[in-house]
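Grab a coffee and open the viewer. Try each exercise yourself before you read its solution.

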Amino acid sequence: MSGPVTLRLEPLGQALTLEPGSALRDALFPRGVEFPCGGRGLCRRCRVRVLEGALPIGDEDRRAFSAAELEAGWRLACHARVEGDLTLEVGQWETPILADDTPFAFVPAEGLGLAVDAGTTTLVAQLVDLENGRVLGVRSALNPQAVFGADVMSRVEHALAPEGLRRLRDAIRAEIGRMAEQLAAGASRAVTRVVLVGNTVMHHLFAGLDVEPLARVPFQTQQDGMQMFQCRELGWRLPGDPAVAFLPCIGGFVGSDVLAGVLATRLLEGDELAGLMDLGTNGEIVFGSRTGALCASTAAGPAFEGGRIRWGMRAATGAISEVVLCDGRVQCRVLGNAPPRGICGSGLVDAAAVALELGLLDQRGRLRACGDAWQLCPPVAITQRDIRELQLAKAAIAAGVRILLRELGAQPCRVRRLYLAGAFGNYVNRASARRIGLLAFEEERVVPAGNTALLGAKMALFVAARDAEAFDRLRRRIRHLPLAADPEFEEIFAREMLFPTG
Ligand code: FES
């Protein structure tokens with residue numbers, strides 16, 4: 001008989017010894033992993049991903065996961081037995097996906113609606129009762145296109161290869177279709193409409209449109225209007241075969257996720273100037289009021305998501321998410337109350353703000369008196385290169401803001417409210433963001449707004465019921481400004497690389 005086997009659990013890095021054939025559930029439950037549906041294979045909350053070793057695919061796994069997810073190693077822990085050495089990533093310990101439960105005003109419509117936020121990394125769908133606005137169910141999944149590249153530019157590159165566009169189109173359609181069918185299963189009424197939002201690349205890939213114009217300057221495409229389908233032509237089996245609308249992009253890399261954000265924040269309804277920002281690898285910025293709006297996208301790079309940072313990681317268990325000064329001493333908060341294993345975007349912004357306060361960092365971004373790295377919370381350190389990456393990211397955003405406000409003839413103090421969309425915007429400390437020169441706005445005017453794309457998609461379900469042309473009218477009120485073509489961009493960007501003197 002074979003001896004004990006080793007089970008390693010990531011991202012916490014725990015290792016335990018088990019007898020072969022042990023139920024995975026019995027090993028995970030004492031470590032705080034929950035099994036919300038009692039192990040009936042219905043909720044997927046117990047999912048784990050095989051990083052090393054093997055877990056055979058069972059019938060429950062086939063029902064719960066798409067082919068791409070199974071291939072990526074996802075399994076249900078509630079049905080698995082450990083037969084050999086194994087390293088697993090535990091889904092519950094990873095990054096929470098931002099859904100939305102914000103109440104909003106609506107005019108009731110018939111049937112059920114499905115709102116989908118098609119993100120580059122994650123897909124989130126909500127089933128909504130259009131008679132009372134209640135959310136009846138939520139599904140989220142990893143975007144299966146991620147196996148072809150993590151960011152939009154690598155997806156564009158893959159789409160340009162033979163068969164690449166078809167592969168990416170089919171992968172995202174199949175995954176969203178599966179989520180939609182699961183949400184609609186057992187519903188007593190028909191789904192009457194489906195609204196999808198996403199960035200320009202997701203819009204093109206879902207529709208199967210040529211992405212070649214998005215691969216070169218000036219990154220403009222003529223095919224960015226609303227895309228309409230019937231469920232059946234997408235291969236989705238939903239009762240009533242509803243129409244599926246992928247909302248139009250605004251321009252360049254500013255997609256319908258931002259258009260939905262404009263809808264969600266009512267940016268074009270107020271008399272005073274307001275802004276919306278989504279800070280990711282690609283930062284999207286809109287400023288506007290009742291009289292119209294201006295928007296831009298700016299390549300911030302992956303620093304806000306922990307990319308290209310020595311100890312960088314997403315906001316998941318083990319990530320330093322906050323750094324504060326307490327009686328002159330540096331204190332770090334780690335997500336999940338776990339030992340630190342990296343630092344996420346919000347932690348990095350805090351760390352730079354604290355380093356500026358302590359005089360460990362100068363205005364040009366040089367780390368002083370700590371060699372090439374500042375030992376923040378062992379083993380996590382901040383290196384000189386990390387600071388450069390952060391400077392590039394914050395300068396790209398700050399320069400975009402300056403140019404949009406210059407075009408509008410406004411100073412930052414005229415912006416009455418700035419909505420921050422997305423996960424990073426939700427968690428970044430506003431005082432730290434101001435201290436490092438990322439956001440030049442008074443803290444009380446900066447409002448974390450959550451998943452505005454999903455909220456806007458839900459609101460769009462009700463608008464679409466009355467007036468399908470409304471989205472084209474809305475996007476025509478927002479002018480896209482290509483920053484790369486602005487003669488002052490380089491100079492403003494170089495200036496914004498500096499940290500404020502405090
Ligand atoms: S506990 Fe619900 S699917 Fe495993």
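Here come five exercises, each with a worked solution.

This is a predicted model, in which local features need pLDDT of at least 70 and side-chain atom pairs count only at pLDDT 80 or more, while totals for chains, interfaces and linings use all residues. Residues are numbered from 1 along each chain as its sequence is written.

**Exercise 1.** Find where confidence is lowest and where it is highest in the protein.

Solution. Start with pLDDT, the predictor's confidence in each residue, from 0 to 100. Its mean over the protein is 90, and 97% of the residues reach 70 or more. Next, go by element; helices (H or I, at least four residues) and strands (E, at least two) are DSSP runs numbered from the N terminus. The low end is helix 3 (residues 67–71), with a mean of 81, and the high end is helix 6 (residues 200–207), at 97.

**Exercise 2.** Work out which residues touch the most other members of the largest nonpolar core, and which helix gives the largest share.

Solution. First, the terms. A residue is buried if 20 or more other C-beta atoms lie within 10 Å of its own, exposed if 12 or fewer, and partly exposed in between, with C-beta atoms placed from the backbone. A nonpolar core is a set of buried Ala, Val, Leu, Ile, Met, Phe, Trp, Tyr and Cys residues joined through C-beta atoms within 7 Å. The largest one holds 140 residues, and Val 195, Ala 352 and Ala 460 touch the most other members. Helix 10 (residues 384–408) supplies its largest share, 12 residues. Apart from this core lies another of 19 residues, including Cys 46 and Leu 86.
Now zoom in on Ala 352: neighbours within four places in sequence aside, Ala 352 is in contact (C-beta atoms, placed from the backbone, within 7 Å) with Leu 361, Ile 387, Leu 390 and Ile 436.

**Exercise 3.** Describe how helix 10 and helix 15 cross.

Solution. Fit the axes as lines through C-alpha atoms, for helices over the stretch in contact, and take angles from 0 to 180 degrees between N-to-C directions. The axes of helix 10 and helix 15 (residues 489–496) come within 8 Å and cross at roughly 130°. So helix 10 is oblique to helix 15; under 35 degrees counts as roughly parallel, over 145 as roughly antiparallel, 65 to 115 as roughly perpendicular and the rest as oblique. Finally, look at who makes the contact: helix 10 brings residues including Ala 395, Arg 402 and Ile 403, and helix 15 brings Phe 489, Ile 492, Phe 493 and Glu 496.

**Exercise 4.** Is Arg 193 buried or exposed?

Solution. Arg 193 sits in strand 11 (residues 191–198). Count around Arg 193 and you get 24 other C-beta atoms within 10 Å, so Arg 193 is buried. In sequence, Arg 193 and Leu 114 are 79 residues apart, yet C-alpha to C-alpha they are 6.5 Å apart in space.

**Exercise 5.** Hunt for backbone oddities, starting at Pro 218.

Solution. Check omega: Val 217 and Pro 218 are joined by a cis peptide bond, with omega about 10°. Pro 218 belongs to the loop between helix 6 and strand 12 (227–230). Phe 219 is in that loop too, and has a positive phi near 55° without being glycine. With 17 other C-beta atoms within 10 Å, Phe 219 is partly exposed. Another cis bond runs from Pro 378 to Pro 379, omega near 5°.

Methods. Two residues are in contact if their C-beta atoms, placed from the backbone, lie within 7 Å.
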